[in-house]
Amino acid sequence: MATKKAKIAEKKLEVISRLKQFGTQIYDQLDEGAFPSITMPSRSTENITYDPTLRQYILGENRVGRSARNIRHIRPFTQLAWVAFFSNELTSQRKTSTLRDVYYSAQAYEMTFNDQQESNNIITDLETLTGYAREEFSIFPEERSAIFGDLDIGYTVPGYEGKSVNLTSHPDGVLIGPAVTSSEFIKTTADKVIAIEKGALFTRFIEESVHSKHKSLLISCGGQAPRQTRSFIRRLHDELGLPVYILTDGDPWGMHIAQVIISGSANAAHLRDLNTPDAVWSGVWASDIIDYKLPTDPLDEVDIKRLYELQKDPRYQSDPIWQREIKLFLKIKRKTELEAFSRYGLTYIVDEYLPAKLDQKPQENNRKKK
Amino acid sequence: MGQASFEEISASDFFYRNRDIAGLTNPSRSIFVAIREVVENSLDAAESQKIPPDVYVRLSFEAEATKETQIYKLRVEDNGSGIPPRFIPSAFGQVLYGSKYKLKQARGTFGLGGKMAVLYGQITTHQPVTVTSSTGQEKIYTFKLMIDIQRNKPIILDRKVLINKENWHGTIIEFTIEGDYLRAMTKIIEYFKQTAMVNPYANLTFVDPKGRLYKFNRATTVMPEPPKETMPHPYGVDVELLQRLIQITEHTTMSSFLRGHFHRVGEITAQKFLEFAGIQANKNPKKLSHEEIVRLMQNLKKYKDFLPPDASCLSPLGEELLKAGVTKELNPEYLVVHQRKPSTYAGHPFIVEMAMAYGGGVPKRGNFVIYRFANKIPLLYDEASDVSYRVISAMNWRRYKVSPDMPIAIVVHICSTKVPYKTVGKEFISDRPEVRKEVANALREVSRQIQHFLARQEHVHMEKKRLGIFSKYLPKIAEFATNLAGKEKKPDIEKLLKSVQKYGNEES
């Protein structure tokens, strides 16, 4: 596991050197008496395409320019330089910050943003320019999700270096924050990851000891999984070689939560390694509604509209199961929630449904061994 | 059966009974009108001799009259031509007597206003008027007069003669009048201020009943060319005027009568017109029957080929003087003036002059401030009924990128031998198509110039803002880049900032 440790430190150096390169580029242009300018990939919708090989959205060839010469560019250009400067400070001093904190910190440098959306956009610009996710610049979102299971991690955050913790140590689960995502994996007995849409079922799974019964690391996504959680799942998959199973509500929205973990989102088309293409959507499927005779609600208009949208989405073309389940949803016009299994008793979902789903043949496209 | 009684009333009596039509409607309005009429006579008297006017006005409290009104003494001194002694009694003591029956531009129209003021003073206070005047000759004459209202004749109460050691010329008039100064105060002071605006060559002094001094000093001694007297234009005559001309004429043929009494009628025009009207060229005008006179008048109006009147009888301010006057009273940030070419309505020549002032001392009212003048008289009442107001309101201002909440003053001066007032009170100008067209054209011209000014200002403003943005952000970029690059010395950005100034228009 020592190599992993090196990898994290290495990555930090990479990021810092990329920021320095950006600063030097501007410095040299100014020094030559020129208005500094940069180009970066365009994030406009025309430039976002789906790459079937990478199994995620990517940015195309189009690039946009930013020049300090242009009166409309100079403000965002300065903001970008500031965010790079601030990220460099954070990363070199091994501190972290949040999106909101960045927005407020700007005021100290007389670099006010109109609102947090503006500062968020500039941070996304820096991601696009450098190809690194904001978490690697030590900037994290507020949203938190949690993990529980037998995994020892070694902290790399200042003050905790050398300390390690087992992720079963706290019965509510451990927040997936900067300290966890920057940690190194030491050892685990788990042989799979189960990502769960909702906090309530995550807690139930802990109570029912799913982590030991099924040798799994449990992750609560808290709805749409945050980017750092998605990238953490990717690491669990890549570094520990664990298969990933996703449990969501049985409706188009739950289906898409799983899809974003698997294929990523268009908003993050400028970044890599946020998605886990080999992850599996285990349920709740439309066919489960029939097979398990689950209590349901009718699909409403928005649900149906969403299903038709997803039907055309390139991410839903890779595996036949998506189209099959979308068609079935549209046919039965019903939806359900994970909690629906409680009609068969509190432990049914753990004792009956989950084992059946985990045994299910992996989906065809995902069967390719790494 | 009663018998209707008919009595002939004199002109004085008529105006005494109908003083409302001269604007003497209430105590505050009356005092305003009285001051205005006398001051205008003074200005005319100086201007006709090309003397830069010095007019001193003092209104002093005499006694309480009623709950709302007081008795005031009004004294107006000028340095004008003065009045020959034999004319003084009639000039101030007989209504409709005056020097303004010939055609040239003057402030007053009927020779009525000043005498109305005196008449009003007499009927409200029963006191005589004192007139002192000299034409600059050896003697100064002082008359104490009252008007015999029923007979329209002056009554001379006293007459004094003084030696004029210093060759003084001018007129001093002093009389008492009942009115309400407090309520008229704002208008009176506004009147002086605006009068000063279109008479930049005049010194105006006003001492009010509280002893406050308002002084408006001249900004120049240059004066407009005084108007020349002209004969009436054929389009502007009526039956009454024709009859009077026929009475006094010495011409014995129609052809020479037309040439001798009408403006811009020569041999050929007279001949062609008489053919058109079917009147024999050698007919004696005194032999025309009443019906023939009426037909002559109708034909004069119908005939299309009279030459338009020329404007030598007008005395516009001119662009320079208008500029001087507006600058003196408003001190605007930017000022444009425009004088239209002479035009005519119904045989009367007129000229429209306009100024548009922006910023500086222009009062901010949330709407354009409009200063209206006719023959250099400020028009202070009934703004909304005036042709200028209508033209200004109807203008598509967005086209000129001008909005009413900008600090903009519009000065409209219409001068004419016969200003088309709507009422005898001389408060607003009627909406005649010819006048409206000239006002609109003048307004478009000054608006175009203001638009250019505003565009330039906007440009300068944008440039400043632009430079401000570069000066704010470039040093920061330099600072962050220096830090990121791990350098010690900041790059020099002065040259870049200079280049922004130089190539200000690119990429904006």
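**Exercise 1. Find where helix α5(B) bends, then work out how its length and buried residues look.**

Step 1: Start with the kink: in this predicted model, α5(B) bends by about 30° at B:Lys187.

Step 2: Now check the length. The helix covers residues 181-198 of chain B, 18 residues in total. From first C-alpha to last it reaches 24 Å, close to the 26 Å expected at 1.5 Å a residue.

Step 3: Look for buried residues, meaning those with 20 or more other C-beta atoms within 10 Å of their own. Among them in α5(B) are B:Tyr181, B:Ala184, B:Ile188, B:Tyr191 and B:Phe192. You'll also find B:Met197 and B:Val198 on that list.

**Exercise 2. Place strand β3(B) among its neighbours.**

Step 1: Take residues 129-135 of chain B. Five of these seven residues are buried, so the strand is largely enclosed by the rest of the structure.

Step 2: Go to β4(B), residues 139-148. Five bridges join this strand to β3(B), and the two run antiparallel. For one pairing, spot B:Thr130 opposite B:Lys144.

Step 3: Follow the chain between those two strands. They form a hairpin with three residues between them, and B:Gly136 in the turn has a positive phi of about 100°.

Step 4: Try β6(B), residues 169-179. Here six bridges join the strand to β3(B), again antiparallel, and B:Thr135 has B:His169 as its bridge partner.

**Exercise 3. Describe the side of chain B that touches chain A.**

Step 1: Count up: the contact takes 22 residues from chain B and 25 from chain A.

Step 2: Find the main contributor on chain B's side. That's α12(B), which gives the largest share, 14 residues.

Step 3: Sort that side by class, and you get 13 nonpolar, four polar and five charged residues.

Terms used. Residues numbered from 1 in each chain as written. Chains lettered and ligands numbered in written order. Predicted model: local features only at pLDDT ≥ 70, side-chain atom pairs only at ≥ 80, totals over all residues. Contact = placed C-beta atoms within 7 Å. Helix = DSSP H or I, 4+ residues; strand = E, 2+ residues; numbered from the N terminus. Nonpolar A, V, L, I, M, F, W, Y, C, P; charged D, E, K, R; others polar. Expected span 1.5 Å × (residues − 1). Bend = angle between axes of the 7 residues up to and from the residue. Buried ≥ 20, exposed ≤ 12 C-beta atoms within 10 Å, placed from the backbone. Pairing = 2+ DSSP bridges.
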